[in-house]
Amino acid sequence: MNTKYEDCLKACIECLEACNNCFDACLKEEHIKMMAGCIRLDRECADVCSYAAQAITRNSPFVQEICKLCAQICDACGEECGKHDHEHCQKCAEACRKCADACRQMVA
């Protein structure tokens with residue numbers, strides 16, 4: 001596997017973990033209704049990161065399309081998480097930005 005693929009795979013797995021952690025922590029926040037958008041996007045992002053990691057490891061012929069979609073969803077999740085001051089949201093936003101960048105390198 002070339003370095004570009006390895007970097008993207010690593011970023012997807014790290015983002016998946018950050019989104020799952022953020023999802024779980026958001027569910028425990030006092031004002032959960034304010035976190036609804038964050039929770040929803042955490043799920044979407046974790047799922048697409050998982051799918052992208054699978055596509056990379058099986059050398060899918062659609063890996064570029066999947067990574068493009070992953071970057072778009074990571075952008076949306078990172079933007080939403082970045083609006084919240086919670087540490088778990090800020091960590092998730094950072095992981096999302098890194099993953100989006102790595103996914104864009106796959107389609108460049």
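Buried here means under 20% relative accessible area, with exposed over 50% and partly exposed in between (1.4 Å probe, protein chains only). This is a predicted model, where local features need pLDDT of at least 70 and side-chain atom pairs count only at pLDDT 80 or more, while totals for chains, interfaces and linings use all residues. Residues are numbered from 1 along each chain as its sequence is written, and side-chain values use heavy atoms, with hydrogens and water left out.

**View 1. H88 sits in helix α4 and is buried.** Helices are DSSP runs (H or I, at least four residues), as are strands (E, at least two), and they are numbered from the N terminus. The relative accessible area of H88 is 17%, so this histidine counts as buried. Going by contact (heavy atoms within 4.5 Å), and not counting residues up to four places away in sequence, H88 touches C22, A25, C26 and E29.

**View 2. H84 lies in the loop between α3 and α4.** Is H84 buried or exposed? With a relative accessible area of 11%, H84 is buried. Setting aside neighbours within four places in sequence, its contacts are M34, M35, C38, C89 and Q90.

**View 3. The largest nonpolar core has 40 residues.** A core of this kind is a set of buried Ala, Val, Leu, Ile, Met, Phe, Trp, Tyr and Cys residues joined through side-chain atoms within 4.5 Å. C12, C15, C45, C70, C74 and C99 have the most contacts inside it. At least two core residues come from each of α1 (3-27), α2 (36-57), α3 (63-82) and α4 (87-107).

**View 4. C45, in helix α2, is buried at 0% relative accessibility.** Neighbours within four places aside, C45 is in contact with C15, C19, I73, C74, C77 and C96. C45 and C12 are 33 residues apart along the chain, and their C-alpha atoms are separated by 9.5 Å.

**View 5. Plenty of sulfur to look at, but zero disulfides.** A disulfide needs a pair of cysteine sulfur atoms within 2.5 Å. Why is C12 without a bond to C99? The C99 sulfur is the closest cysteine sulfur to that of C12, but at 3.7 Å it is too far for a bond. C67 is in no disulfide either, as the nearest cysteine sulfur, that of C8, is 4.0 Å away.

**View 6. The charged end of R43 sits over the ring of F23.** The distance to the ring centre is 4.9 Å. The rule asks for NZ of Lys or CZ of Arg within 6 Å of the ring centre and within 35 degrees of the ring normal.
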